[in-house]
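Visitor: I should like to learn how the features of a structural model are read. May we take them in turn?

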Amino acid sequence: MRVSREKFAENRQKILEVAGVMFRENGFDGVGVADIMKACGLTHGGFYGHFQSKEDLQLEVSRALIAKVEARWKALIAGAPDRPLEALLDHYVSWLSVDNPGSSCVFVALMEEVSRSSGAVRETFNDGLSTLVDILAEIVQGDTPEERRENGFTTLSSMMGAVSLARAVENRELAGQFLSTMREKLAPAKSVDA
């Protein structure tokens, strides 16, 4: 039975969304095509009508999730013009990010797997991370564009590192210290009225 174009597009989008959650929860290698299709309520054979391979799916999911992170960061910053970095830290360096890998940042969830890969997925992550540094360079402190870019790298590394470390430890108090200490060190100094 042939499906309509609308249904085909709907199924494809569902595969991308479900795979995005499953990849972030289990890693690229921790989930198979059959698992994804079953979670979508679709047949395994139907996968190849949408994607050439699992690697093709990984690339498309990565691109979509990275675009989502970039858009979310820009929206958070635009929504808090007086405190853009704090707004971003409130969102990113949180228990929600730590406790919900399936709906959180693709970079933190998949950085280890991507670091062991090559090709288009790794290039996509490279470009995405560079874009996040550029976004941060616009809102962090620094006297020159070069200094702000350097501070963007430091800030991004600290944000992602704090969330990764908080996920890695079992002790909730220690995990909280990673989050709170990093936020305190990165949040802009409060101005004091004379």
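Guide: Helices (H or I, at least four residues) and strands (E, at least two) are DSSP runs, numbered from the N terminus. This is a predicted model, in which local features need pLDDT of at least 70 and side-chain atom pairs count only at pLDDT 80 or more, while totals for chains, interfaces and linings use all residues. Residues are numbered from 1 along each chain as its sequence is written, and side-chain values use heavy atoms, with hydrogens and water left out.

Visitor: How many helices and strands does the protein chain have?

Guide: The protein chain has 9 helices and 0 strands. Glutamate 146, for instance, is placed in helix α8 (residues 145–168).

Visitor: Is glutamate 146 buried or exposed?

Guide: Buried means under 20% relative accessible area, exposed over 50%, and partly exposed in between (1.4 Å probe, protein chains only). Glutamate 146 counts as exposed because its relative accessibility is 53%. Across the protein chain, buried residues make up 40% of the 194 residues.

Visitor: Which residues gather with Glu146 in a patch of negative charge?

Guide: A patch is made of residues with over 30% relative accessible area and no salt bridge; like charges are joined within 9 Å, and nonpolar side chains (Val, Leu, Ile, Met, Phe, Trp, Tyr) within 5 Å. Asp and Glu count as negative, Lys and Arg as positive, and His and the chain ends are not counted. The place of a charge is NZ of Lys, CZ of Arg, CG of Asp or CD of Glu. The areas come from the Shrake-Rupley method with a 1.4 Å probe, and for residues only the protein chains shown count as cover. On the surface, Glu146 shares its patch of negative charge with Asp143, Glu147 and Glu150.

Visitor: How many salt bridges are there?

Guide: A salt bridge is a side-chain nitrogen of Lys or Arg within 4 Å of a carboxyl oxygen of Asp or Glu. The count comes to 6 salt bridges. One of them joins glutamate 60 and arginine 12, at 2.8 Å from N to O. That pair links distant parts of the chain, with glutamate 60 in helix α3 (residues 54–78) and arginine 12 in helix α1 (residues 5–26), 48 residues apart.

Visitor: Which residues are linked in a network of salt bridges?

Guide: The network links Arg83, Asp90 and Arg183. Between arginine 83 and aspartate 90 the closest N and O atoms are 2.6 Å apart; between aspartate 90 and arginine 183 they are 2.2 Å apart. Aspartate 90 lies in helix α4 (residues 84–92) and arginine 183 in helix α9 (residues 172–186), so this pair ties together parts that are 93 residues apart in sequence.
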